[in-house]
Structure formats: structure tokens, C-alpha cells
Amino acid sequence: MSIKQISVFVENKTGRMTEITEVIGAAGVDIRALSIADTSDFGILRLIVNKPDVAVAALKGAGLTVSLTDVIAVGVDDKPGEFAKAMRTMSEADMSIEYMYAFIGRSDDRAFVILRVEVPERAAEVLAAAGFEILSGEQIYNM
Amino acid sequence: MDNCFTPWVECATRETMERMQTERLADTVRRCYENVPFYRERLDEAGIKPEDIRSLSDLERLPFTYKQDLRDTYPYGLFAVPKDQLVRIQASSGTTGKMTVVGYTQSDIDDWAEDAARAIVAAGGSKSDYIHVSYGYGLFTGGLGLHYGAEKLGATAIPVSSGNTKRQIDIIRDFGSDILCCTPSYAMYIGETMQEMGIDPQSIRLRAGIFGAEPWSGGMRVEIERLLGIKAHDIYGLSEIMGPGVSFDCSEQNGLHVNEDKYIPEIIDPDTGEVLPYGQQGELVFTTITKQALPLLRYRTRDIASLTRDTCSCGRTLIKMSKPCGRTDDMLIIRGINVFPSQIESVLLDLKMVTPNYLLVVDRVDNLDTLEVQVEMTGEMFSDTVRDIERIEKKIRAALLSALGLAAVVKLVEPKSIARSEGKAKRIQDNRKL
């Protein structure tokens with residue numbers, strides 16, 4: 001139930017984002033979701049793509065520092081209060097969230113949230129028990 | 001006990017060595033006095049005649065020679081022999097201004113080759129070895145120095161010179177190089193490139209390296225040995241004194257044996273000129289006692305080291321010098337604290353979490369010196385969270401503060417963004433204007 005997320009080390013220099021996204025585009029890889037964590041010196045670009053292994057190879061080949069992290073993808077009904085419900089489920093189960101970011105699917109009434117948690121299997125169980133759909137890699141990559 | 005190229009000298013008794021040195025020193029001072037106007041003047045000024053030099057303790061009475069003296073007499077002003085006796089000229093560019101020009105008679109070339117051969121044997125080499133020379137060939141003494149040493153030993157020299165790293169690796173793998181000779185930073189680069197090419201260090205013949213021409217830390221040695229699967233040995237020299245091979249590492253890898261049958265070392269206080277006892281760190285000074293073309297008396301190298309006469313397990317009785325930890329002019333003074341790039345290198349390597357690819361950027365902001373240590377991020381170091389990366393930066397900062405007493409800003413940069421060198425690595429970017 002884990003999704004492979006790509007993280008790329010990005011130095012705070014002009015043109016870095018262009019270079020990274022061009023490498024991904026040239027490798028024929030499609031980006032599903034992205035987020036960037038930034039500090040004054042560097043950023044970490046996190047990507048969900050449709051072909052994670054191809055993307056990693058292409059980025060490493062271009063000399064970039066890349067790692068793969070396991071995250072979970074949760075489907076949340078696109079209604080006010082639904083996301084809060086998911087958050088409550090996590091806090092009641094005493095599970096903390098390292099970081100998260102959301103994206104909207106094209107042909108769905110749902111929003112998708114990528115969560116990085118300490119124990120992905122447990123988080124997936126808890127959320128599924130509360131009625132949230134946990135998406136598989138294939139579902140996300142092929143969206 | 002090591003094999004020695006010339007055991008009768010390298011393992012000589014103190015008595016034999018001192019007798020040889022005394023004779024040679026007296027002869028050198030006489031030759032300088034008679035043939036080099038510069039030295040005649042200096043010795044007359046100091047009231048010293050060649051016959052006054054009767055024992056090694058008289059060495060201290062001689063005046064120092066400085067790099068500036070070579071610059072002032074550029075190009076051939078300090079040569080002690082007529083042009084016809086010169087068989088070679090070499091030069092080093094130095095970081096400022098004019099080249100330092102040195103010359104050699106045939107006897108000097110033979111002596112130099114012997115120095116380098118001793119170094120190769122001390123690194124475990126023999127006439128059955130392929131000696132891969134990646135030091136630059138040309139006016140720089142590195143390439144030709146090791147090359148002639150290899151031939152003198154009867155080993156097989158592969159004169160690759162520097163550059164074209166992929167080709168270097170092809171040669172190492174296909175020609176079967178046994179011993180690699182280059183700068184330590186280039187050895188690192190070759191090691192990294194081999195790793196990228198997916199070549200297992202155990203799959204190549206290479207078993208030793210002789211690295212010099214720039215200061216390098218014990219931590220760097222461990223890294224190189226791991227990356228290349230070899231034993232890494234130090235070699236020291238400067239073209240003014242002869243070239244690489246003035247001193248060399250043995251199997252103990254704990255200090256370099258000085259070829260004191262040819263070069264008498266001293267350690268002095270760089271400010272007062274006072275000769276310091278064994279064990280104390282100071283500026284390294286050499287007096288050449290066999291060189292004919294360019295004999296130098298008490299030449300101040302500006303390298304910082306110490307000397308010791310402790311017994312060495314290799315069996316050699318040649319005096320040992322510590323690895324030079326920097327140059328008096330490499331030293332940075334940041335907020336009143338003396339800092340050598342090699343110290344920072346040691347801190348980084350001891351942390352075992354960073355590559356030794358770093359750049360020190362010194363600046364002055366609001367009348368206060370600032371130090372930024374740029375270190376390359378590695379694949380192993382990279383974590384998905386900002387927090388983890390910041391933790392690494394903090395750890396480096398804390399280690400530097402504790403080791404140097406200096407609060408530096410640490411900046412993690414992309415791999416390969418710090419310029420690699422094939423020769424001496426540029427570690428300092430001092431942006432402070434006078």
C-alpha cells in the first residue's frame with residue numbers, strides 16, 4: 001500500500017527547478033503531484049510520478065541527488081470537513097505526520113493527500129478502518 | 001623490516017650519517033661561496049668563511065634563503081654551475097607572480113632519481129611493478145620526478161601525466177598499473193569516477209599509491225585507501241630543494257623519512273628564526289648538501305611540520321618529518337584564529353558523513369570575518385526531510401566550533417558543484433579585500 005515518492009536535493013540556485021523538470025520530461029515521465037520543502041539554503045523537491053524507477057535513473061544520470069521514500073496516498077471525499085475527519089483519525093490513533101501535500105484527481109469527486117508517516121502500514125490500516133480509501137501505487141501512477 | 005632501495009644509506013648509523021653530512025655541508029658552503037655571488041655576499045655580511053663550517057652545529061650560523069631570493073635572481077641568478085653543466089631546467093608557477101626556476105646537473109638528476117626510487121620501494125614497489133605516473137609532465141617536477149625514479153629502480157614507468165580521467169582508469173585496468181602516483185585530490189577524483197563507472201577496486205591490480213604535492217589529512221588517506229583498495233603513501237618535495245622525494249612515507253605510514261644524506265632538515269620558529277627541538281611544530285627548512293646546479297642554504301619552505309628521531313619499525317634510520325599540515329601562507333586568520341584548510345578537512349572526514357570535497361569561503365561582513373564551509377551533499381547523506389539535513393549541518397557546525405573555536409556557516413551544496421582538480425585542489429576562496 002506504499003507509494004514511491006521521489007525526493008530531490010535542490011540547491012538554491014536559479015535554473016535548478018528547470019533542470020530537474022526538464023530531465024523528467026525528457027525521460028517521458030509524467031508528474032502526478034509535487035511539493036517543495038524549502039529552507040534558505042536548499043529545498044527538497046518531492047514528486048509523485050507515473051514511472052518512479054525511470055525518473056530516478058534519469059535524475060541520477062543527470063548527477064542529481066535523489067532518494068525514494070515510501071508514502072501513503074489517501075482518498076478524501078471532496079466535501080468540507082472530510083479532511084478534518086482524516087486528521088482526527090490520525091491524532092486519535094496517536095500517529096504523527098512528518099509532512100503532507102494534496103492534489104485533485106481529474107475525474108473524481110475526491111482529493112488525494114500524500115502523507116509521510118513513521119509506520120505507513122499502520123496509518124493505512126487506521127485510515128482504511130475509518131472509511132478512507134488508501135490508494136495503491138498502480139492507481140496513483142496511472143491516474 | 002622494509003625493503004630499501006639503498007639500505008647502506010637509509011639504515012646507516014647516526015655516526016656514519018653525521019660524518020657524511022658534515023663533509024658534504026662544508027663542501028656545499030664552499031661551492032656556494034665560490035660560485036654564487038648572492039651567497040658570497042650573504043656569507044661575507046654574516047662574517048662567515050667556508051672553512052668556518054666544521055660541524056653540523058655550524059649550520060645554524062648560516063643565513064636563511066627565501067623564495068623571494070629566487071624571484072629576485074630570476075631566472076638563473078642562484079645557479080652554481082656554468083650553463084654547459086646543466087642538463088635540465090624545471091620551474092614551478094607558484095600562486096603569485098614569476099615562476100621559480102631550478103636547474104640540474106647530471107649528478108643532480110641521478111640523485112633525484114635515487115630519492116624517488118627510495119620512495120617507490122618504501123611504498124612497496126619493486127622493479128616488477130608498473131608505475132602509473134599521473135603527475136603532470138613538463139616544467140612541474142612531479143611527473144619527471146617519479147618517472148626517473150621508476151626507471152632508476154628498474155620498474156616500468158607509464159607516463160600518463162594528468163587529465164582525461166576515464167582514460168586514466170582504462171589504463172589502470174587494462175595496462176595493469178601497480179602503483180599510482182598523483183596528487184591526493186586527483187586520486188580521490190579517480191576513485192569517485194571508478195565508483196561511478198561501477199569498477200570494483202578489488203578487481204584491479206593497483207595496490208599502492210604515492211601521493212603528494214599538496215597537504216592531505218590522515219582522514220583523506222583512509223578515504224583514498226577505501227575508494228581505490230590500495231595502501232596510500234605520502235611523498236614530499238619542492239622543486240627548489242630537488243623535487244618529489246625529498247622525503248617519503250614507509251610501511252609505518254606515520255611520518256616521512258627525509259633523505260638526509262642529501263638534505264639536512266631543520267624546524268624553526270617562523271617569526272624568530274630560532275631552531276626548534278624535535279617534536280615541536282614550526283617551519284621546515286632544508287639545506288641541500290649534494291646538489292650541484294642549485295645548492296641552497298637553509299631554504300625556508302613555508303611548510304609547517306615537526307621532526308623526530310624515534311625508531312621506525314621499517315628499519316630506516318633517516319630522520320622523520322610529520323606530514324606537513326599546511327603552509328605558513330595557506331594559513332587563514334579568521335577573527336584572530338589561525339586556521340589551516342587541512343584542519344577543516346580532518347574535522348569533516350572524522351565525521352564520516354561528508355565527502356572531502358569542500359570549499360572555504362572567507363569574507364568580511366560589517367567588519368567581521370565570516371567563514372562559510374561549503375560541503376558537497378552525497379547520496380548517502382541525503383534524507384527526505386529538511387530536519388535531517390539540517391541536523392547534519394548542525395553537527396558539522398558543532399564539530400568545527402569544537403575543533404577550531406570558530407563558528408562557521410555550513411552550506412551543503414550539490415554533488416560535483418565544487419570544482420575538482422587534477423593537480424592541487426583549491427580549497428580557499430578569500431573574498432576579503434585588503
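Trainee: How many residues does helix α8 of chain B have, and how far does α8(B) reach from its first C-alpha to its last?

Mentor: This is a predicted model. Helix α8 of chain B covers residues 184-196, which is 13 residues. At 1.5 Å a residue, 18 Å is expected. The helix comes close to that, with a reach of 18 Å.

Trainee: Which residues of α8(B) are buried?

Mentor: A residue counts as buried if 20 or more other C-beta atoms lie within 10 Å of its own. In α8(B) the list starts with B:Pro184, B:Ser185, B:Tyr186, B:Ala187 and B:Met188. It goes on with B:Tyr189, B:Ile190, B:Gly191 and B:Met194.

Trainee: What covers the buried residues of α8(B)?

Mentor: The cover includes both helices and strands of chain B. Among the strands are β5 (179-182) and β6 (208-212). Among the helices are α7 (165-176) and α9 (218-228).

Trainee: Which residue just after α8(B) takes a positive phi?

Mentor: Look just past the end of the helix. The phi there is about 75°. The residue is B:Gly198.

Trainee: Is B:Ala425 buried or exposed?

Mentor: Start with its place: the loop between β20 (409-413) and β21 (428-430) of chain B. Then take the neighbours: B:Ala425 has 24 C-beta neighbours inside 10 Å. The cut-off is 20 or more. Therefore B:Ala425 counts as buried.

Trainee: Leaving aside neighbours within four places in sequence, which residues is B:Ala425 in contact with?

Mentor: One partner lies in α8(B), among its buried residues: B:Ser185. B:Ala425 touches that residue and one more. The pair is B:Ser185 and B:Glu214.

Trainee: At what angle do α9(B) and helix α10 of chain B pack?

Mentor: Helix α10 of chain B spans residues 341-350, and its axis lies 8 Å from that of α9(B). B:Gly219, B:Met220 and B:Glu223 in α9(B) meet B:Glu345, B:Ser346, B:Leu349 and B:Asp350 in α10(B). By class, that contact has 2 nonpolar, 2 polar and 3 charged residues. The two helices are oblique, and the angle is about 50°.

Trainee: Why is α5(B) described as roughly perpendicular to α6(B)?

Mentor: Helix α5 (residues 106-122) and helix α6 (residues 141-153) of chain B have axes 7 Å apart. Angles of 65 to 115 degrees count as roughly perpendicular. The two helices earn that description because they pack at about 80°.

Trainee: How many nonpolar residues does the contact of α5(B) with α6(B) have?

Mentor: The α5(B) side includes B:Ile109, B:Trp112 and B:Ala113, and the α6(B) side includes B:Leu146, B:Tyr148 and B:Leu153. By class, the contact has 2 polar and 2 charged residues. The nonpolar residues number 12.

Trainee: What radius of gyration does chain A have?

Mentor: Chain A has 5 helices and 7 strands. Its C-alpha atoms fill a box of roughly 45 × 35 × 25 Å. A compact globule of 143 residues would come near 15 Å. Chain A agrees with that, at 16 Å.

Trainee: Which element gives the most to the side of chain A that touches chain B?

Mentor: Between the chains, 13 residues of chain A are in contact with 13 residues of chain B. Those elements of chain A that give two or more residues are β1 (3-11), β3 (42-49) and β4 (66-77). With 3 residues, the one that gives the most is β1(A).

Definitions and conventions. Residues are numbered from 1 along each chain as its sequence is written. Chains are lettered from A and ligands numbered from 1 in the order in which they are written. This is a predicted model: local features need pLDDT of at least 70, side-chain atom pairs count only at pLDDT 80 or more; totals for chains, interfaces and linings use all residues. Two residues are in contact if their C-beta atoms, placed from the backbone, lie within 7 Å. Helices (H or I, at least four residues) and strands (E, at least two) are DSSP runs, numbered from the N terminus. The expected span of a helix is 1.5 Å times one less than its number of residues. A residue is buried if 20 or more other C-beta atoms lie within 10 Å of its own, exposed if 12 or fewer, and partly exposed in between; C-beta atoms are placed from the backbone. Axes are lines fitted to C-alpha atoms, for helices over the stretch in contact, and angles run from 0 to 180 degrees between N-to-C directions. Angles under 35 degrees count as roughly parallel, over 145 as roughly antiparallel, 65 to 115 as roughly perpendicular and the rest as oblique. Ala, Val, Leu, Ile, Met, Phe, Trp, Tyr, Cys and Pro count as nonpolar, Asp, Glu, Lys and Arg as charged, and the others, Gly among them, as polar. The radius of gyration is taken over C-alpha atoms; the globule rule is 2.2 Å times the number of residues to the power 0.38.
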